[in-house]
Amino acid sequence: MLLSRRHDFLFVHVPKAAGTSMERALAKACEPTPNRGPLQRPIVRALRRTPLARPLGLWRDLPGHSRASELRRALPPEIWDASFKFAFVRHPLDRLVSQYWFLLQSPDHRRHGRVAALGSFSAFVRYEAGRGRFTQLDHLESEDGAPLLDFVGRFERLEQDWSAVERRLGLEAPLPRANASRHAPWREHYDDATLALALDVWGAEIERLEYTVD
């Protein structure tokens with residue numbers, strides 16, 4: 001996530017939807033986030049759960065992929081209310097493909113070895129389906145499903161929607177290319193069985209985000 005008090009925006013980073021490029025594009029518009037050593041992190045995590053969290057500014061230590069609901073709880077209400085809150089999403093089936101190839105092509109990533117050992121994209125989909133990870137909707141909504149953001153752009157119309165964000169913020173922030181995986185079009189990765197499983201697990205997300213499977 002990125003927060004700018006100078007420009008009054010909050011960016012919620014949904015993984016594998018060009019979020020790293022957006023963070024780099026907007027980094028200069030944001031206040032620096034202090035780095036904390038490994039010995040301090042357990043203390044920060046414990047303090048974050050106390051009433052001291054807000055006055056100490058410990059929202060800065062939230063994970064980069066924090067959900068909007070987590071950020072709303074952690075930020076002072078005056079900052080949350082004043083911020084233009086936005087995120088970008090991606091077709092869930094395309095996002096799965098991108099995640100798979102990113103992990104395969106990132107030998108330093110902590111999950112690289114586990115994913116490489118699976119041996120195929122179909123096995124990866126079965127693996128991800130069993131992990132029970134939260135969806136893109138969980139990044140955008142409250143626990144009861146209410147929308148929390150002012151704008152949700154789409155990876156599929158990245159240039160157009162990013163231009164809308166730049167206009168809203170009054171900034172010129174060209175997107176660099178970052179963390180892009182190399183792979184064939186996502187539809188070529190799904191056989192009938194893999195597609196059926198993916199639709200069973202992520203079908204509601206596809207429908208809620210108003211994507212289609214053609």
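Which residue lies over the face of Trp80, and at what distance from the ring centre? It's Lys85, at 4.8 Å. Keep in mind that you're looking at a predicted model. There is a second charge over a ring here too: Arg90 lies over the face of Phe155, 3.8 Å from the ring centre.

**The sheet**

Let's start with the strands. There are 4 of them in an open sheet, in the order 1-2-3-4, and the pairing is mixed. Strand 1 and strand 4 (151–154) are the edge strands, each pairing on one side only. On average, neighbouring strands are turned by 15° against each other, if you ignore direction.

In general, strands of a sheet pair through backbone hydrogen bonds, either parallel or antiparallel. Here's how the neighbours pair up in this model:

| Strands | Sense | Bridges |
|---|---|---|
| Strand 1 and strand 2 | antiparallel | 3 bridges |
| Strand 2 and strand 3 | parallel | 4 bridges |
| Strand 3 and strand 4 | parallel | 4 bridges |

Strand 1 and strand 2 make a hairpin with 4 residues between them. In that turn, Asp8 has a positive phi of about 55°.

You can walk across the sheet through a few residues that face each other. Ser4 stands opposite Phe9 in strand 2. Phe9, in turn, stands opposite Phe84 in strand 3. Further along, Phe86 has Phe151 in strand 4 as its bridge partner.

Strand 2 is worth a pause. Phe9 and Phe11 point one way from it, while Leu10 and Val12 point the other way. Are these four buried or exposed? All are buried.

**The helices on the sheet**

Helix 1 packs on the sheet, where it touches strand 1, strand 2 and strand 3. Its direction makes about 155° with that of strand 2. Of the 8 residues of helix 1 (residues 19–26), 6 are buried, so the helix is largely enclosed by the rest of the structure. Those buried residues are Gly19, Thr20, Ser21, Met22, Ala25 and Leu26. What do they pack against? Their partners are strand 1 (2–4), strand 2 (9–12), strand 3 and helix 10.

Helix 10 lies across the sheet as well, over strand 2, strand 3 and strand 4. It runs at about 170° to strand 3.

**The aromatic rings**

How many aromatic pairs does the structure hold? There are 13. One of them is Phe86 with Trp162: the ring centres are 6.4 Å apart and the planes sit at 55°, so this pair counts as tilted. Phe86 belongs to strand 3 (residues 84–89) and Trp162 to helix 10 (residues 158–169), so the pair ties together parts that are 76 residues apart in sequence. Both residues, Phe86 and Trp162, are buried.

Another pair is Tyr100 with Phe121. Their ring centres are 5.5 Å apart and their planes are at 65°, so this pair is edge-to-face. It also links distant parts of the chain, with Tyr100 in helix 6 (residues 92–104) and Phe121 in helix 8 (residues 121–131), 21 residues apart. Tyr100 has a relative accessible area of 6%, so it is buried. Phe121 counts as buried too, at 6% relative accessibility.

Now back to the sheet residues, because ring pairs link Phe9, Phe11, Phe84, Phe86, Phe88, Phe151 and Trp162 into a cluster. You've already met Phe9 and Phe11 pointing one way from strand 2, and Phe86 with its bridge partner Phe151 in strand 4.

Key. Residues are numbered from 1 along each chain as its sequence is written. This is a predicted model: local features need pLDDT of at least 70, side-chain atom pairs count only at pLDDT 80 or more; totals for chains, interfaces and linings use all residues. Side-chain values use heavy atoms; hydrogens and water are left out. Rings of Phe, Tyr and Trp (its six-membered ring) pair if their centres lie within 6.5 Å; planes under 30 degrees apart count as stacked, over 60 as edge-to-face and the rest as tilted. Helices (H or I, at least four residues) and strands (E, at least two) are DSSP runs, numbered from the N terminus. Buried means under 20% relative accessible area, exposed over 50%, partly exposed in between (1.4 Å probe, protein chains only). A charge sits over a ring if NZ of Lys or CZ of Arg is within 6 Å of the ring centre and within 35 degrees of the ring normal. Contact means heavy atoms within 4.5 Å. Two strands pair if DSSP finds at least two bridges between them. Axes are lines fitted to C-alpha atoms, for helices over the stretch in contact, and angles run from 0 to 180 degrees between N-to-C directions.
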